[in-house]
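Here are my notes for you, set out as numbered points. Please read each one with the structure open beside you.

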Amino acid sequence: MRFYTEDISTYLKEHGVKPSYQRLKIFQYIMENNNHPTVDTIYRALCHEIPTLSKTTVYNTLNLFIEQKIANVIVIEENETRYDLVMGTHGHFKCVECGKLLDIDLDINYDSCEELDGCDITEKHIYLKGICCDCKGKRN
Ligand SMILES: [Zn+2]
Ligand SMILES: [Zn+2]
């Protein structure tokens, strides 16, 4: 997913979000870094550039994105809420050493699960944990 700043503005408008400067910057940050940031990560990255920014603004903006279905919440650890702009079904791999969260192209066919027969699935979360290639390399 790649946008120019004008495109982000249009994209936000199309999804019922008024594209203020702060909202544009927050969306752009998540998109460009693709690092599934937390509120803190976004705040720390942008607070120098936008001195008027507060953690509450970041939090409220992310909630607005979620309401308008242009972002997703990922909770892997109970004390860590991260945000994602990739909306299609995909899994996540978290490195327990560096904390990096990677997207995995993973779509399981739940129709073949007997246990789910007759159930409606409303959310899918696939989380894997382990040690990423970079960290493995450093160990050896
Ligand atoms: Zn790692
Ligand atoms: Zn993701």
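1. In this predicted model, a polar atom of the side chain of Arg82 lies 2.7 Å from the backbone oxygen of Gly99. A polar atom of that side chain also lies 3.5 Å from the backbone oxygen of Asn35, so please look at both contacts when you follow the arginine, bearing in mind that a polar contact is a pair of N or O atoms within 3.5 Å.

2. Where is Arg82 placed along the chain, and is Arg82 buried or exposed? Arg82 belongs to strand E2, which covers residues 81-84, and Arg82 counts as buried because its relative accessibility is 11%, where buried means under 20%. Leaving aside residues up to four places away in sequence, Arg82 touches a list of residues that includes His36, Pro37, Thr38, Ile74, Lys94 and Leu101.

3. The zinc ion (ligand 1) has as its protein donors the SG atoms of Cys95, Cys98, Cys132 and Cys135, which lie 2.3 Å from the ion. The angles among the 4 donor atoms run from 105 to 118 degrees, and the site is tetrahedral; for comparison, the ideal angle for four tetrahedral donors is 109.5 degrees.

4. Along the chain, the donors of the zinc ion (ligand 1) follow the spacing C-x2-C-x33-C-x2-C. Cys98 sits in the loop between strand E3 (91-95) and strand E4 (101-104), while Cys132 sits in the loop between strand E5 (127-130) and helix H5 (133-139), and therefore this pair ties together parts that are 34 residues apart in sequence. Cys98 is partly exposed, with a relative accessible area of 42%, whereas Cys132 counts as buried at 5% relative accessibility.

5. How many aromatic pairs does a search of the whole structure find? The search finds 2. One of them joins Tyr11 and Phe27 in a tilted arrangement, with 5.5 Å from centre to centre and 50 degrees between the planes. Tyr11 lies in helix H1 (residues 5-14) and Phe27 in helix H2 (residues 21-33), so the pair ties together parts that are 16 residues apart in sequence. Tyr11 counts as buried at 17% relative accessibility, and Phe27 is buried with a relative accessible area of 0%.

6. Phe27 also forms an edge-to-face pair with Phe65, with 5.7 Å from centre to centre and 85 degrees between the planes. This pair links distant parts of the chain, since Phe27 is in helix H2 and Phe65 is in helix H4 (residues 55-67), 38 residues apart. Phe65 counts as buried at 0% relative accessibility, and Tyr11, Phe27 and Phe65 form one aromatic cluster.

Terms used
Residues numbered from 1 in each chain as written. Chains lettered and ligands numbered in written order. Predicted model: local features only at pLDDT ≥ 70, side-chain atom pairs only at ≥ 80, totals over all residues. Heavy atoms only, no water. Donors = N, O, S within 2.8 Å, 3.2 Å for Na, K, Ca; no water. Tetrahedral: all angles 85-135°; square planar, octahedral: opposite > 155°, others 65-115°. Helix = DSSP H or I, 4+ residues; strand = E, 2+ residues; numbered from the N terminus. Buried < 20%, exposed > 50% of the residue type's maximum accessible area, 1.4 Å probe, protein only. Polar contact = N/O pair within 3.5 Å; in protein donor to acceptor, adjacent residues only side chain to side chain. Contact = heavy atoms within 4.5 Å. Phe/Tyr/Trp six-rings, centres within 6.5 Å; stacked < 30°, edge-to-face > 60°.
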